[in-house]
Amino acid sequence: MSFQGTIRILSGQSVRLFQVETNQSILTQGMDNASLATFIPITPRNEGTVWQGRRLSTGQLIVKSPDADYHNLTSRGTVLRALLVPVETIQSASRILTGSDTIQPLPLWQAPRIAPNKMDRFQRSLSELMTISMETPEVAAGPPG
């Protein structure tokens, strides 16, 4: 079977989205050169992904700090979406939401299990943002500066 796949990358002022779809397994390794936190929902379309040697299942969410390297082996027939957000943006939101200047550092990486209704909402939002941004790129770019 020959390799077939697509990748879509959207980069805005505050977020980056990417989507990979492939009929073969893909190994991603290395460090990210930006100060971005990465969020990758594990869905039925990418279940079986092996992240840092750990096989993940539907309902988990990979949360990766910029200090952790990528080491991801996807399963065949994968559709994987990711949201990348500057750590500074997350820290700023944390200060606002908690009313505290104390910032907890992000863990290198973790894969907590998320409540199904919250994971569905997150996945749907990523999908809709990807679709809208592909049709109207100014959406991801943010307000004129």
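**Strand pairing, a salt bridge and a pocket**

Strand 7 (residues 61-64) and strand 10 (residues 109-110) pair in the antiparallel sense over two bridges, where strands are DSSP runs of E with at least two residues, numbered from the N terminus, and two strands pair if DSSP finds at least two bridges between them. This is a predicted model, in which local features need pLDDT of at least 70 and side-chain atom pairs count only at pLDDT 80 or more, while totals for chains, interfaces and linings use all residues. Residues are numbered from 1 along each chain as its sequence is written, and side-chain values use heavy atoms, with hydrogens and water left out.

Within the pairing of strand 7 with strand 10, V63 stands opposite Q110. Strand 7 also pairs with strand 4, in the antiparallel sense and over four bridges; here F39 stands opposite V63. In a regular strand, side chains alternate between the two faces of the sheet. Both faces of strand 7 are covered, since L61 and V63 on one side and I62 and K64 on the other are all buried, that is, under 20% relative accessible area, with exposed meaning over 50% and partly exposed in between (1.4 Å probe, protein chains only).

An open sheet is formed by four strands in the order 3-8-5-6, with antiparallel pairing. Strand 3 (27-30) and strand 6 (54-55) stand at its edges with a single partner strand each, so one side of each has no neighbour in the sheet. Strand 3 is joined to strand 8 by four bridges, and Y70 in strand 8 is the bridge partner of G30.

The structure holds one salt bridge, defined as a side-chain nitrogen of Lys or Arg within 4 Å of a carboxyl oxygen of Asp or Glu. It links E21 with R45, whose closest N and O atoms are 3.7 Å apart. E21 lies in strand 2 and R45 in the loop between strand 4 (36-41) and strand 5 (50-51), so the pair ties together parts that are 24 residues apart in sequence. E21 is partly exposed, at a relative accessible area of 35%, and R45 is partly exposed at 48%.

Strand 2 (16-22), strand 8 (70-73) and strand 9 (78-86) each supply at least two residues of the lining of the largest pocket. Strand 2 gives the most, with four residues. A pocket is an open set of points on a 1 Å grid over the protein atoms alone, where a 1.4 Å probe fits, with protein on both sides within 12 Å along at least five of seven lines; lining residues have an atom within 4 Å of a point.
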